[in-house]
Amino acid sequence: QIFNQHNAEAPNLEQAFHRMAQMEPNLDHDIPWFLLPSYWAKMVVALISFLCFANSYDGDFVFDDSEAIINNKDLRAETPLGDLWYHDFWGSKLSSNTSHKSYRPLTVLTFRMNYLFAGGFYPVGFHVINIILHCTISVLMVDVFSILLGGLQFSNKGRRLNLAPKSSLLAALLFAVHPVHTECVAGIVGRADLLCALFFLLSFLGYCKAFRENKEGHTFSVFWVLVSVVLGAIAMLCKEQGITILGLNAVFDALVINKINLLELIRKLLYKDKSLENAGLLRKGLLFRITLLMCGGASILYIRWRIMGTGPPAFTEVDNPASFADSLFVRAINYNYYYSLNAWLLLCPWWLCFDWSMGCIPLIKSVSDWRIIALAALWFCLIGLICQALCSEDSHKRRILTLGLGFLIIPFLPASNLFFRVGFVVAERVIYLPSIGYCILLTYGFSLLSKQAKKKKILAVAVLGVLLMNVVRCALRSSQWRSEEQLFRSALSVCPLNAKVHYNVGKNLADKGNQSAAIKYYREAVRLNPKYVHAMNNLGNILKERNELHEAEELLSLAVQIQPDFAAAWMNLGIVQNSLRRFEEAEQSYWTAIKHRKKYPDCYYNLGRLYADLNRHIDALNAWRNATVLKPEHSLAWNNMIILLDNTGNLAQAEAVGREALELIPNDHSLMFSLANVLGKSQKYKESEALFLKAIKANPNAASYHGNLAVLYHRWGNLDLAKKHYEVSLKLDPMAPGTKENYNLLRRKLEQLQKKGG
């Protein structure tokens, strides 16, 4: 609905607009809700959305945050900014076959800014930005819902009128407090969805501005249409769903600006009705605007395709099992079941999980499966709504239902598996934008109930109760996202069949040193998914450390059999075989790992250890040198080189390697210790002493540091200092090898000196 007034002298113009608005049905007439000025309505929405997620501000980096932020080299200053445009969301090259093809450079740029301003990986700044973004989006929703629910009207001063203040406030509150949004707000990786939603909404509001009559009297502004296209492109550079706003702008234009009756239009197209020419499509510039949107969208997608370089990402069966089903029927049934689960999460967001893959939702393979009921219920509701949206005689009802369905369905299409395979079964984060449509439909349903209800206050109290319950649920769920332990354990009751949930609980326990409990969860993960190679690898690692070598070997051998290019499993298998003294097999496993991962410094380090055990010193040094070339901060490889050269009498070479290592890793006390030993043997006592003291300052509780410094003083003739450090060493470790013997020798020498002095 657009009304333009050319008579600038007309009195009480805004009141006239409101009278015209009242000629049409208005949701606010029937909704028993608070009527607040626009400013206060936005303040209330901002405050409540903040309260929902405020307790996530000091959470840790959890789940995918590790890969997208901590391990992402694109966040660091040494990575050129230009690389962001050729890398995926996780920091891999888009041209790589292993890339996920998730192209979100603007989101990564905000992560980089967080990292640089904070001076490191401090999660508080990341979380605060996410909370602010959600509050901002929720405030914008007041304006968006006022247009979608009340129509688009401007005063003669060009100010947009809010014709549905009560219903837009209610819809914005329903959006702000929806618990399904927790993953996007409390999980830092959800920044992509938040930024996408922000520019998505700005694109829509920009498109609406195009219909504010300008001074020249034009009915729409090409400039603002192009601005909305640019904002849509920015939304897509934050996350792929952003491109769908261009389609929604076209739907809005057709329904609200041109007031097209879709059913009538379809009939005219089918019967080639000549009156179609007078339907207003050309007269109001709809086709021109849609052409601009289509050209803009096509250009954006083409550029995106060119940057991506190769085909779609290669996902595995465990990521999305339905997409790998041979039967088209099984694929279709399961896709539709996934849609029903997404709808259920919008309706009843009580059971939430960080991951829904790996057996969490077993495949439907037969029509006798009772879960078919969910599909039937979904399509019964959708068909009913579509029929009402198309066939209702009430134009106001048709418009709201069509817009609600459009905002519910169109942003979900990239995640629907219809156009390409996606790497998940259900993901709460992808419902952030579709929830806009859900809130429209729910608010409209509430208005219909209010119209029929005799006791409207009871209905209003019930809605307030739902909002309060959602606020509490958001706060509880946000607290679960504060740490990996709480997040992973919360999923055990929701998805007990999900192998990844058990794997992550086990990994979290292993990281905390609770290996016995970790083994239990890793075993359950392997039981639930016998092809879960990462669980096998981690379980094999723990068993290796507990000296249960034969079972570890069985698990790791099975892992590389299932996934022959699993480099980490090949390396760990080599370590186990080395421990079992099967050196040839170990060497072969190490080289197989390096074959599948060319830049694998840890594998070169372990290969060097194998060669050292076999007295193949040159090969060992070469392997460790390769490790340090690939990873200059690889302290263990540097240390082993120094020690091996020291033990073989190559003191000059050992000293050179030690100095080179300390230039690269100047604060590593173990390197200081190793180089100090070499310098002591080379009779460079003063320099050796300085390094020993520096190492002890960095790690004062290392018995060997004090013991070897005592040996230096002993050789040097500083017997009192030698005695002091021998005693400190023995106090820290009474069983320190050689220290007690050296201390006894020193005591006897001191006693002899005392006797001579006496």
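**Close-up 1. Helices α9 and α11 make a right-handed crossing in this predicted model.** Let's start with how this pair is arranged. Helix α9 spans residues 191-209, and it packs against α11 at an angle of about 30°, with the two axes 10 Å apart. Angles under 35 degrees count as roughly parallel, so α9 and α11 are described as roughly parallel to each other. On the α9 side, the contact is made by F200, S203, F204, Y207 and C208. Facing them from α11 are T244, I245, L248, N249, F252 and D253. Sorted by class, the residues of this contact are seven nonpolar, three polar and one charged.

**Close-up 2. Helix α11 also packs with helix α13.** Here α11, residues 244-257, meets α13, residues 286-308, at an angle of about 170°, and their axes are 9 Å apart. Because angles over 145 degrees count as roughly antiparallel, α11 and α13 are roughly antiparallel to each other. From α11, look for L246, N249, A250, D253, A254 and I257. Their partners in α13 are L286, R289, I290, L293, G296, G297 and I300. The classes here come to eight nonpolar, three polar and two charged residues. You may recognise N249 and D253 of α11 from the first view, where they take part in the contact with α9.

**Close-up 3. Helices α5 and α6 cross at roughly 135°.** Helix α5 covers residues 105-118 and helix α6 covers residues 123-150, and their axes come within 9 Å. How are the two helices oriented to each other? The angle makes α5 and α6 oblique to each other. The crossing in which α5 passes α6 is right-handed. In α5, the residues to find are F111, N114 and Y115, which meet G125, F126 and I129 in α6. This contact divides into four nonpolar residues, two polar ones and no charged ones.

**Close-up 4. R523 and E551 form a salt bridge.** The closest N and O atoms of the pair are 2.7 Å apart. R523 sits in helix α21 (residues 515-528) and E551 in helix α23 (residues 549-562), so the bridge ties together parts that are 28 residues apart in sequence. How many salt bridges does a search of the whole structure find? The search finds 27.

**Close-up 5. Several stretches carry the UniProt feature "repeat: TPR".** The unreviewed UniProt entry places this feature at residues 499-532, 533-566, 601-634 and 703-736. Two of these stretches are shown here. Residues 533-566 are 79% helix and 0% strand, and the C-alpha atoms at the ends of the span lie 8 Å apart. Residues 601-634 are likewise 79% helix and 0% strand, with end C-alpha atoms 8 Å apart.

Terms used:
Residues numbered from 1 in each chain as written. Predicted model: local features only at pLDDT ≥ 70, side-chain atom pairs only at ≥ 80, totals over all residues. Heavy atoms only, no water. Axes fitted to C-alpha atoms, helices over the stretch in contact; angles between N-to-C directions. Helix = DSSP H or I, 4+ residues; strand = E, 2+ residues; numbered from the N terminus. Parallel < 35°, antiparallel > 145°, perpendicular 65-115°, else oblique. Left-handed = near helix turned anticlockwise from the far one by under 90°. Contact = heavy atoms within 4.5 Å. Nonpolar A, V, L, I, M, F, W, Y, C, P; charged D, E, K, R; others polar. UniProt positions renumbered as here; feature names shortened; annotations may be inferred. Salt bridge = Lys/Arg side-chain N within 4 Å of Asp/Glu carboxyl O.
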